[in-house]
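Student: Could you take a close look at one part of this model, the loop that holds a residue with an unusual backbone angle, and then set that part in the context of the rest of the chain?

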Amino acid sequence: MKSAVLAHHLIAGASVLAVAGGMALPSTPAFADSYMAGDFHNHTPCSDGRSSVETMVKKAVQSYGLEWLGAADHGGSSPRDCRVDDPEGDGSTTGTGKFWDVAPVTAVKGDVAMSQGHRSMWRWQSAEEIIYPELARLAKELNKPMLYAGIETNVPGHEHTSMAVIGNQKPQNFGGDTGDAGGVAEFEYRFDRSDTDFSKGAPNHAWEGKVANASGTGSGTANHKNKAVPSVQWLQKYYPLDSYYVPAHVERAGVFNPNGNNGFNVEHFRDFNNAGPTVAVGFESQPGHQASNNRGEYRAGFCGAGCDSVGVTTFGGTGIYAAKVGGLWDALLGEGRNWFFYASSDWHNRGAFSIYEASSTNDFYPGEYQKLYVPRPAAGTTLRPNVIVDGVRSGNSYSVQGDLITGDLSYKAEVIGYAAAGTAKMGQTLVVPRGRSVKLTLEVNLPTTKNNSPYSFNNPSLAQIGVQEPLNRPTLRQVQFIKGNVSGVVAVDSANYTNATNTSAARLATFGPNNWTVSGQKRTMVVTITNVQNNMYVRTRGSNLPASVPAETDAQGNPLNDWDPENSAQGPFVPCTDAACPSHLVVRDGQKISSYDVAGWSDLWFYTNPIFIRVADQPKLLVETNGALAVALKK
């Protein structure tokens with residue numbers, strides 16, 4: 001067998017060896033880990049979506065292979081019944097939708113709210129009395145016990161957060177006592193910025209002590225301190241092990257506005273994690289709306305004149321907070337925080353196309369394009385929604401676009417020649433005797449089947465560099481290891497509490513077809529960090545696009561801006577010259593441009609969560625102490 005190729009790097013005082021082989025090995029160990037794909041941010045007519053709970057769940061499970069799903073309509077209210085498809089988005093006005101107050105009438109509780117000329121139902125009621133019973137019914141019908149009700153809550157002082165309280169939800173009982181969604185309903189009533197109902201949840205409940213929203217000058221700051229942070233504290237107090245709080249599309253609404261309700265800065269994530277160490281555990285920096293022309297709906301002027309999404313665009317479909325090496329995510333990881341990365345569908349509709357069609361100018365169904373993978377539990381484990389919350393909290397998860405890789409993945413760290421240290425996976429910490437060397441091994445599995453793209457013509461982005469590859473048959477072409485130092489938790493009263501950079505973060509190694517090990521569909525990459533003298537973390541990401549693809553990646557393989565070819569003068573843009581390029585694409589100067597869903601299917605990335613490394617003589621990292629808190633709470 002050909003000897004491994006050694007590539008040497010010198011980073012942060014440690015000698016780093018990127019180890020790989022270009023030849024296929026005769027045999028390699030089976031994957032150590034298996035993960036389950038799911039989605040926890042999506043919408044139905046119970047907020048501003050168009051497919052019923054049943055249609056959405058069945059598409060996600062039966063067509064796109066999801067094993068778990070958290071239904072998460074916006075907080076607030078809606079006049080539309082989410083047990084019925086509403087393709088036109090207007091209730092029963094022109095199509096097959098239905099309003100609550102149109103026969104047969106559904107009783108609506110709480111203070112009166114109106115929309116579209118009809119009585120609206122508050123989300124606390126629809127989550128508890130409509131959405132969760134639908135999910136419990138579907139769990140039994142589809143034999144999928146990990147369906148549960150969550151909320152995309154409108155955060156006081158900010159934009160949105162994907163959250164869930166499992167509480168008494170027991171869909172796994174399949175028709176017996178399936179429990180209720182009272183926990184998530186109470187959270188929505190108490191803390192959602194768009195829920196202005198003060199009925200106390202009557203007649204079912206008597207929820208006391210709701211805090212009104214602040215408005216006017218200073219309202220953003222007041223709402224953050226007086227309502228958003230207390231909402232996380234409430235979850236930590238009452239549901240520390242069966243809830244999560246994950247801010248969504250965090251760059252979209254711009255930087256934080258102290259006088260309004262939009263945007264998140266790094267200090268707000270620190271506040272949330274401090275308030276809910278086992279609950280507020282990460283963010284969605286790989287947003288939904290991936291078929292939108294302004295990918296993720298990120299754009300200049302999103303939140304008003306002169307108020308742009310942070311970074312203006314996404315970068316390879318990922319927000320700048322995570323896509324930029326050394327940026328906000330790396331700053332939080334550089335504290336050793338348990339702050340992890342997640343993706344979602346944010347499913348609403350297909351834009352110019354019907355929800356029953358395959359093409360899209362807006363969204364993809366849950367699981368169709370983006371999948372969030374959490375650990376598959378051991379055989380014999382009761383499958384229930386708490387398994388998902390445990391997986392989200394653990395950080396042992398990764399996110400994939402376009403089925404670039406599968407649910408079989410192993411990412412681990414071990415101390416060379418010191419088995420007593422054991423191994424660490426994503427979200428965990430490897431404790432290393434000072435001066436020892438660490439080996440990081442990433443094994444990914446490539447799919448053998450087509451992905452869900454309805455297009456089989458060649459990828460227009462790759463066509464620019466002479467590569468012919470069908471959009472529905474993507475190939476992994478690069479994987480980056482990104483390392484940063486961990487320097488400790490930033491104190492609330494420190495001037496660095498608002499600092500969103502980590503200057504130590506850098507690419508540690510890059511792999512591709514010339515230097516990873518091949519065994520069937522498996523690709524194995526090994527990186528060795530010698531003479532470990534300081535605390536650190538290492539995260540990875542990969543793409544179907546190599547370095548130096550015009551308008552897509554730079555010379556180091558980093559993703560470039562996803563400029564909107566229809567509404568932006570920026571560029572360059574990718575032409576779509578194949579005769580099969582669909583008619584709905586943007587045309588500039590007589591040339592079709594890769595845009596909408598074609599642009600999404602062309603540019604794919606996966607992101608793993610990090611592994612932390614701590615020198616044995618150093619104090620425990622925050623990720624360790626918060627993990628220990630979760631263990632203690634289970635006892």
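Tutor: E297 sits in the loop that runs between β12 (282–286) and α6 (320–323), where helices (H or I, at least four residues) and strands (E, at least two) are DSSP runs numbered from the N terminus. The model is a predicted one, in which local features need pLDDT of at least 70 and side-chain atom pairs count only at pLDDT 80 or more, while totals for chains, interfaces and linings use all residues. Residues are numbered from 1 along each chain as its sequence is written, and side-chain values use heavy atoms, with hydrogens and water left out.

The phi of E297 is near 65°, a positive value in a residue other than glycine. This deserves attention because most residues other than glycine have a negative phi, and most peptide bonds are trans. E297 has a relative accessible area of 18%, so it counts as buried; buried means under 20%, exposed over 50% and partly exposed in between, with a 1.4 Å probe and protein chains only.

Strand β12, on one side of that loop, contains G282, and the relative accessible area of G282 is 0%, which means that G282 is buried. Leaving aside residues up to four places away in sequence, G282 touches Y245, V246, P247, W339, F340 and Y342, a contact being heavy atoms within 4.5 Å. Between G282 and N515 there are 32 Å in space, C-alpha to C-alpha, and 233 residues in sequence.

A second residue invites the same kind of reading: H249, which is not a glycine, has a positive phi of about 25°. H249 belongs to the loop between β11 (243–247) and α5, and its relative accessibility is 1%, so H249 is counted as buried.

The backbone also holds cis peptide bonds, one of which joins A103 and P104 with an omega of about -5°; P104 is found in the loop between β5 (77–78) and β6 (114–115). Another cis peptide bond joins A202 and P203, with omega about 5°, and P203 has its place in the loop between α3 (182–191) and α4 (219–238).

Helix α5, which borders the loop of H249, comes up again in the packing of α11. Helix α11 (residues 622–634) has 13 residues and reaches 19 Å from its first C-alpha to its last, close to the 18 Å expected at 1.5 Å a residue, the expected span being 1.5 Å times one less than the number of residues. Its buried residues are L622, V623, E624, N626 and A630, and these buried residues pack against α5 (266–275), β13 (340–343), α8 (385–394), β18 (429–432) and β28 (611–615).

As for the whole, the chain has 11 helices and 28 strands, and 61% of its 635 residues count as buried. Its radius of gyration is 24 Å, which agrees with the value near 26 Å that a compact globule of 635 residues would have, where the radius is taken over C-alpha atoms and the globule rule is 2.2 Å times the number of residues to the power 0.38. Along the principal axes, the C-alpha atoms fill a box of roughly 75 × 60 × 50 Å. Among contacts in the chain with a separation of 6 or more, 73% come from residues 24 or more positions apart.
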